[in-house]
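The following note sets out several points for consideration alongside the coordinates. It proceeds from the strands to the helices, and then to the interior.

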Amino acid sequence: MSVQPGWYVDPADTETRRYWDGEGWLGAPIPVDATPPDGPPPPEPVTPPEPVTPPEPPTPPTSGPTSPGPVAPGWPPHQGPQPGPQPGYGPPPGHGPGWGPQAGPPGWGPQGGPPGWVIRPPEPRPHGLRLAGYGRRLTARLIDLALLLALNVVVNGWFVWRWAQEWAPYWQELFRRAARGDTSAEGLPVPGEQAGSLLVVILLIATALWLAFEVPAMAAGGQTVGKRVMRIRAVPMAADQPLGFGRALSRWSTLGLPTLLWYCAGIGLVLQFVDSLSPLWDHPLRQALHDKRAQTVVVEVPYRPASAPSNDRDQPPGDTP
């Protein structure tokens with residue numbers, strides 16, 4: 001997903017704004033507290049380069065007749081500098097024919113790089129904060145999943161044990177036949193009638209625990225336990241403020257609600273796996289599918305020592321008009 005055209009805080013200088021046309025920065029910057037104009041800035045006038053005038057050859061003196069002086073036998077009279085370029089004359093190195101205004105050799109681009117080089121725009125900084133890397137986001141998610149697993153062991157443990165008991169005769173007989181080299185599937189014990197109902201209850205409880213664990217914490221501060229440990233948080237793209245319950249629920253439902261589809265041949269697990277990997281190929285904001293639905297980005301939390309006084313002016317809001 002590309003960033004929509006508009007006036008944004010310049011990542012290279014957070015005291016100014018510049019216009020982003022969807023592919024690169026356009027026009028001159030303006031102060032961050034100034035009201036930006038509607039639409040893109042007017043195009044800057046292009047000043048043609050001044051022509052380079054080659055130096056004129058020195059003119060020989062013409063005041064009065066000169067005496068040729070003695071001439072060695074066989075030498076032509078009035079031997080002097082011959083016309084044409086002489087050593088020490090002409091433009092300095094790097095300014096010969098075909099060289100551009102940036103003192104680059106023929107074929108090089110306007111930025112002084114070889115042909116084929118692409119100058120990438122600077123990485124966006126939503127609200128003046130760095131985007132969180134995928135490694136930190138993955139580690140935070142694994143911490144949260146470990147805590148959720150512990151909660152499921154306490155709350156869901158009995159239902160999982162009962163579901164395993166319903167399937168135990170089937171797996172025991174299957175392993176006995178495999179040990180004997182018997183690959184037939186005839187006559188295998190059928191799981192109990194309660195196996196399907198128990199699986200539905202297990203998935204409902206697991207989904208409810210995930211909802212209660214993540215949505216309130218994200219709505220209040222944009223951070224779960226794992227995100228606090230890794231010093232990252234989710235913020236709306238429009239402004240640096242709490243997500244709110246509605247946005248947090250929309251963000252979670254894209255990733256957490258497919259847990260109920262684990263019952264359908266593991267389709268929910270495939271959807272969650274694709275969602276978890278999606279920040280790897282999204283540029284430039286590294287948004288996962290649940291970030292795109294809720295219009296959020298994940299940023300790093302700047303480190304501030306406990307003794308240092310907070311100063312809101314250190315981080316300009318940078319919200320779009």
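1. In this predicted model, glycine 6 has tryptophan 20, in strand S2, as its bridge partner. The strands S1 and S2 run antiparallel to each other and are paired over five bridges. Two residues separate them in the hairpin that they form. Strand S1, residues 6–10, is mostly covered, with four of its five residues buried.

2. Strand S2 also pairs with strand S3. The pairing of S2 (residues 13–20) with S3 (residues 25–31) is again antiparallel and comprises four bridges. Tryptophan 20, already noted as the partner of glycine 6, stands opposite tryptophan 25 in S3. The hairpin made by S2 and S3 has four residues between the strands, and glycine 22 in its turn adopts a positive phi of about 100°.

3. In the overall arrangement, the protein chain contains seven helices and five strands. Their order along the sequence is β-β-β-α-α-α-α-β-α-α-α-β. Of contacts between residues at least 6 apart in sequence, 61% join residues at least 24 apart. The chain has 321 residues, of which 28% count as buried. Its exposed area is about 21,500 Å², and carbon and sulfur atoms supply 64% of that area.

4. Helix H1 (residues 134–155) has the span expected of its length: 22 residues at 1.5 Å a residue should cover 32 Å, and the end C-alpha atoms lie 31 Å apart. Which residues of H1 are buried? They are Arg137, Ala140, Arg141, Asp144, Leu148 and Asn152. Viewed down the helix axis, the buried residues of H1 fall within an arc of 120° and therefore line one face. Such a pattern may be read against helix geometry: an α-helix has 3.6 residues a turn, so residues three or four places apart point the same way. On the other side of H1, the exposed residues are Leu142, Leu149, Val153 and Val154.

5. Helix H3 (residues 194–221) has 28 residues, and the distance from its first C-alpha to its last is 41 Å, close to the 40 Å expected. Just after H3, glycine 222 takes a positive phi of about 75°. Valine 200 lies in H3. Is valine 200 buried, partly exposed or exposed? Its relative accessible area is 37%, so valine 200 counts as partly exposed. Valine 200 and tryptophan 262 are 62 residues apart in sequence, while their C-alpha atoms are 9.5 Å apart in space.

6. The largest nonpolar core has 16 residues, and those touching the most other members are Trp210, Met218, Ile232, Ala234, Ala248 and Val298. The elements giving two or more residues to this core are H1, H3, strand S4 (232–236) and helix H5 (244–256). The most is given by H3, with five residues. Apart from this core lies another, of eight residues, which include Leu129, Leu131, Val235 and Val297.

7. Alanine 234 merits inspection by the reader. Leaving aside residues up to four places away in sequence, alanine 234 touches Met218, Gly222, Leu243, Arg251, Val297 and Val298. Among these, Met218 and Val298 are listed with alanine 234 in the largest nonpolar core, whereas Val297 belongs to the core of eight residues. Gly222 is the glycine with positive phi just after H3.

Note on methods: Residues numbered from 1 in each chain as written. Predicted model: local features only at pLDDT ≥ 70, side-chain atom pairs only at ≥ 80, totals over all residues. Heavy atoms only, no water. Expected span 1.5 Å × (residues − 1). Buried < 20%, exposed > 50% of the residue type's maximum accessible area, 1.4 Å probe, protein only. Arc of directions from axis to C-beta. Pairing = 2+ DSSP bridges. Core = buried A, V, L, I, M, F, W, Y, C linked by side-chain atoms within 4.5 Å. Contact = heavy atoms within 4.5 Å. Areas by Shrake-Rupley, 256 points an atom, 1.4 Å probe, with all protein chains shown as cover.
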